[in-house]
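Student: I would like to learn how to read a protein structure feature by feature. Could we take one term at a time, with the general idea before the case?

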Amino acid sequence: MIKSRIFITTPIYYVNDKPHLGHTFTTLIADVLSRYFRQEKKEVFFLTGTDEHGLKIFQSAKINNKDPKKFCDENSSLFKETWKNLGIEYDKFIRTTDKDHIETVQYVLDILKEKGDLYEKDYKGLYCIDCENFVLEKDLINGLCPFHLKPPINISERNYFFKLEKYFGLVQKEIEKEKLKITPNSALKETKGLLKQKLTDFSVSRIKEKVQWGVELPFDKNQVTYVWVDALINYISAIGFYKNKNNFKKWWEEGYVLHILGKDILKFHAIYWPAMLIALNIKVPNEELIHGFFTVNGLKMSKTLKNTIDPNELVRIYGSEATRYLLLSQFPVSSDGDIKEAQFKEKYNTDLANRLGNLISRVLSLENKAEFKQTKFNSSKIKPNFKKILQETRNNYIHFMEDYKLFEALQEIFKLVDYCNVYISQNKIWELVGKKDKNSKLLLEQHLTDLSITLEEIRNLISPFLPKTSEKLGNLLKTKNPEPLFKRL
Ligand code: MSP
């Protein structure tokens with residue numbers, strides 16, 4: 001395993017609905033981390049995509065009077081469009097309806113069957129279509145799924161089951177030895193709790209009569225693959241587990257595999273998936289980063305409540321850069337939180353227009369007025385106070401980024417921004433402009449050198465979060481043209 005080569009994934013999102021802020025949050029975290037690691041000269045492969053099979057999607061297509069594939073095509077492209085609008089740059093977008101993905105799912109199921117890890121069993125149980133998951137009677141609230149408040153359906157059929165119980169101890173060991181690291185600690189604790197519950201073997205198929213929209217089992221034409229098994233396999237099908245072994249070796253076997261996901265799907269990723277991988281003789285993912293869940297304006301996001309915010313709408317109002325900032329500066333990655341739309345405008349004006357935007361235009365207009373033409377700076381000329389704060393900021397920033405603490409890393413950058421703003425005011429630097437005496441001239445040049453080098457550093461640090469702003473700032477620093485990057489709203 002080479003930590004200098006990182007394979008970053010997001011969950012693949014269900015296409016029964018349009019992309020919302022929840023999906024956006026995860027994908028943005030992955031994008032920022034990819035950009036950060038690339039900046040640190042690491043090799044990165046960033047994978048995202050859409051989960052397109054199963055009853056939930058089939059039914060949504062029907063309600064919308066659409067052929068399921070056409071429905072998936074349309075909704076899947078909405079995800080691509082949204083990521084583009086947000087400046088998210090992935091290396092591959094996988095769809096579970098892709099031919100090579102389907103072939104890989106069948107290849108995997110054949111291996112598991114041949115190994116004796118799949119067996120047929122009559123099953124009776126409850127299933128929540130919205131969760132695409134089995135539910136237990138004891139977990140229902142007034143007979144309804146506790147997450148979707150809808151009645152589950154009764155399933156009574158003969159399905160194939162995966163021998164999870166056989167691999168349970170091995171999964172536990174991999175987690176204990178941190179071969180699979182679960183971040184943060186709260187998620188690790190939750191995983192340990194799940195392991196204590198001793199989960200049972202799980203069904204990997206459904207009867208085709210009941211669910212037509214899925215990947216047919218290679219050894220039984222009357223059954224289709226359970227959508228979660230189909231979906232998890234995306235992480236290996238996308239990098240060529242079936243037909244491109246070299247690429248698979250490069251990213252999975254030799255790379256650092258990092259799955260990013262919300263805590264709603266922890267069980268599938270921290271237990272089912274590693275068990276399947278162990279059965280396939282493949283190493284478990286190196287790490288799973290579990291982020292918190294948020295409400296929007298105090299309420300759980302839900303289609304019925306119609307409070308799912310369209311990320312594209314935010315981009316229209318604030319622009320892609322500000323939307324990225326506003327989402328990641330609300331609360332730490334691993335905490336639960338509330339996205340308060342009403343605060344967006346204020347936060348935009350305070351942080352982006354005033355704190356960051358002002359600093360940029362103050363420094364550039366000082367340079368302009370002072371006719372300070374220098375564009376390349378000798379960092380050895382920087383004063384000790386600036387040198388110290390730059391060093392501290394960079395150390396803290398790297399420490400936070402390596403721990404995926406994006407919120408905290410952003411705060412570090414803004415502390416540096418504030419330091420410079422206060423410095424300009426306290427030293428009344430503008431009063432030095434135009435003074436003819438040698439001392440004033442030298443002093444002004446020193447101030448502008450310190451501030452320019454610091455702005456250059458801010459530009460580097462902020463680049464994974466605000467890539468376009470960073471690029472524009474780079475040009476402004478060259479042309480010394482004080483043009484506002486974030487106009488006040
Ligand atoms: N298709 C499955 C995942 C299969 S991965 C092999 C699925 N899709 S989903 O469309 O429901 O997306 C779930 C993911 O969206 C969560 O894990 C999380 O990453 C993100 N979020 C959805 N709602 C969210 C919040 N309210 N808050 C934060 N993230 C949220 O599950």
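Tutor: Let us begin with helices and strands, which are DSSP runs numbered from the N terminus, a helix being H or I with at least four residues and a strand being E with at least two. Lys56, for instance, has its place in helix 2, residues 55-63. Please keep in mind that this is a predicted model, in which local features need pLDDT of at least 70 and side-chain atom pairs count only at pLDDT 80 or more, while totals for chains, interfaces and linings use all residues. Residues are numbered from 1 along each chain as its sequence is written, and side-chain values use heavy atoms, with hydrogens and water left out.

Student: How many helices and strands does the protein chain have?

Tutor: The protein chain has 17 helices and 15 strands, and its C-alpha atoms fill a box of roughly 90 × 45 × 40 Å along the principal axes.

Student: Is Lys56 buried or exposed?

Tutor: A residue is buried under 20% relative accessible area, exposed over 50% and partly exposed in between, with a 1.4 Å probe and protein chains only. Lys56 counts as buried because its relative accessibility is 12%, and its C-alpha atom is separated by 8.8 Å from that of Tyr14, which is 42 residues apart along the chain. Asn421, found in helix 15 (residues 406-426), is also buried, since its relative accessible area is 12%. Across the protein chain, buried residues make up 56% of the 489 residues.

Student: Which residues are closest to the ligand?

Tutor: A residue is near a molecule if one of its heavy atoms lies within 4 Å of it. Here 23 residues surround the ligand, and the closest are Ile12, Thr26, Asp51, Asp264 and Phe294. The largest share of this shell, four residues, comes from strand 1. To sort the shell by class, we count Ala, Val, Leu, Ile, Met, Phe, Trp, Tyr, Cys and Pro as nonpolar, Asp, Glu, Lys and Arg as charged, and the others, Gly among them, as polar; the shell then divides into twelve nonpolar, nine polar and two charged residues.

Student: Which atoms of Thr26, His291 and Phe294 lie at polar contact distances from the ligand?

Tutor: A polar contact with the ligand is a pair of N or O atoms within 3.5 Å. An N or O atom in the side chain of Thr26 is 2.6 Å from an oxygen atom of the ligand, and one in the side chain of His291 is 3.4 Å from a ligand oxygen. Phe294 instead uses a backbone N or O atom, 3.0 Å from a nitrogen atom of the ligand.

Student: And how is empty space found?

Tutor: Rolling a probe the size of a water molecule over the atoms shows where empty space is left. On a 1 Å grid over the protein atoms alone, a cavity is a set of points where a 1.4 Å probe fits but cannot get out, whereas a pocket is an open set with protein on both sides within 12 Å along at least five of seven lines, and lining residues have an atom within 4 Å of a point. Grid points are joined across faces, edges and corners, and a volume is the space filled by probe spheres set on the points.

Student: What volumes do the largest cavity and the second largest pocket have?

Tutor: The largest cavity has a volume of about 70 Å³, and its lining includes Gly54, Tyr127 and Trp213. About 260 Å³ of space lies in the second largest pocket, whose lining has three nonpolar, three polar and four charged residues.

Key
Polar contact = N/O pair within 3.5 Å; in protein donor to acceptor, adjacent residues only side chain to side chain.
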